[in-house]
Amino acid sequence: EVHSAFIGMGMMSDVPKLVGGYDTVIQGLQHLGKLFAMLIYQFSIPVILRRHFMWESMSITFFFPICSALFFYCRNGHTSHLLDMANKKFHSLAHQVQETVRCYRLIAEFKKRSLFITRIRESSQDNNNTRKAASLVVLNNNYYAMWLGRVSVGFYTLFGGIKVINGDLPLGLYLTNIGIFEDYAKVWAGLYEILLGVQDCFPSLEHVMVL
């Protein structure tokens, strides 16, 4: 028999996370569409303008996914562990509160109020600490793609600017590529955030399936 507390906790916490997870999948498809359009532009514009492919812009195009994949591989274990711990501490706190409410008559008769208050306070503190640590790691991870974009734009500003000065690259195309590389960073940051959102909803999905 499933306790009503677990059903209520699933309705209040797990179901909204699952709905948010499905929404992030749709957002991910939108970001992939933007990324696909940018890639088409990068490979088609030299053909349309009858110019040689620039290794600087092509290398940056492949630089983003390679570095993003390596970063995700290196940080995935630590990030997943913190997200899982935060989810477990939250459910532990909810269970502790429910048990206290359900057994309040016994707690009062045996004069154990201070003990259960201490347990709830400790569970709440653990939940806050784990949630803070997980949020901090996720926030720092999201900055990676933005800083990667800054490095790429700086690289292209230097080498692309030299080609503009030498007359090998039109100024309009040069400025357009800078804007595209900045958009690359935003798209990859959005994709990574979406991936974390989908990953975060897996424990909720497991909990709902068990119910």
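This is a short tour of a predicted model, moving from the whole chain to one helix and the side chains on it.

**Whole protein**

Start with a cartoon view of everything. The protein has 6 helices and 0 strands, and from the N terminus the order of elements reads α-α-α-α-α-α. Switch to a surface view next. The accessible surface amounts to about 13,200 Å², and carbon and sulfur atoms account for 67% of that area. Of the 211 residues in the protein, 36% are buried. If you display contacts between residues at least 6 apart in sequence, 82% of them join residues at least 24 apart.

**Nonpolar patch**

Select Phe43, Phe62, Ile66 and Leu70. Together these residues make a nonpolar surface patch of about 400 Å². Now colour helix α2, residues 55–102: this helix supplies 3 residues of the patch, the largest share. Leu70 is in helix α2. Is Leu70 buried or exposed? Leu70 has a relative accessible area of 52%, and because exposed means over 50%, Leu70 counts as exposed.

**Salt bridges**

Hide the patch and show the charged side chains. The structure holds 2 salt bridges.

For one of them, select Asp84 and Lys88. These two residues form a salt bridge in which the closest N and O atoms are 3.2 Å apart. Where do the partners sit relative to each other along the chain? Both are in helix α2, and because they are 4 residues apart there, about one helical turn separates Asp84 from Lys88. On the surface view, Asp84 is partly exposed at 29% relative accessible area, and Lys88 is partly exposed at 49%. The value for Lys88 is under the 50% cut-off, so this residue is not classed as exposed.

For another, move along helix α2 to Glu99 and Arg102. Their salt bridge has its closest N and O atoms 2.6 Å apart. The spacing is 3 residues within helix α2, so Glu99 and Arg102 are also separated by about one helical turn. Glu99 has 21% relative accessibility and is partly exposed; buried would require under 20%, so Glu99 falls outside that class. Arg102 is likewise partly exposed, with a relative accessible area of 46%.

**Last view**

To finish, keep helix α2 coloured and show Leu70, which lies in this helix, together with the pair Asp84 and Lys88 and the pair Glu99 and Arg102. Selecting residues 55–102 brings up helix α2, the source of the largest share of the nonpolar patch.

Conventions. Residues numbered from 1 in each chain as written. Predicted model: local features only at pLDDT ≥ 70, side-chain atom pairs only at ≥ 80, totals over all residues. Heavy atoms only, no water. Patch = residues over 30% accessible without salt bridge, like charges linked within 9 Å, V, L, I, M, F, W, Y side chains within 5 Å. Areas by Shrake-Rupley, 256 points an atom, 1.4 Å probe, with all protein chains shown as cover. Salt bridge = Lys/Arg side-chain N within 4 Å of Asp/Glu carboxyl O. Helix = DSSP H or I, 4+ residues; strand = E, 2+ residues; numbered from the N terminus. Buried < 20%, exposed > 50% of the residue type's maximum accessible area, 1.4 Å probe, protein only. Contact = heavy atoms within 4.5 Å.
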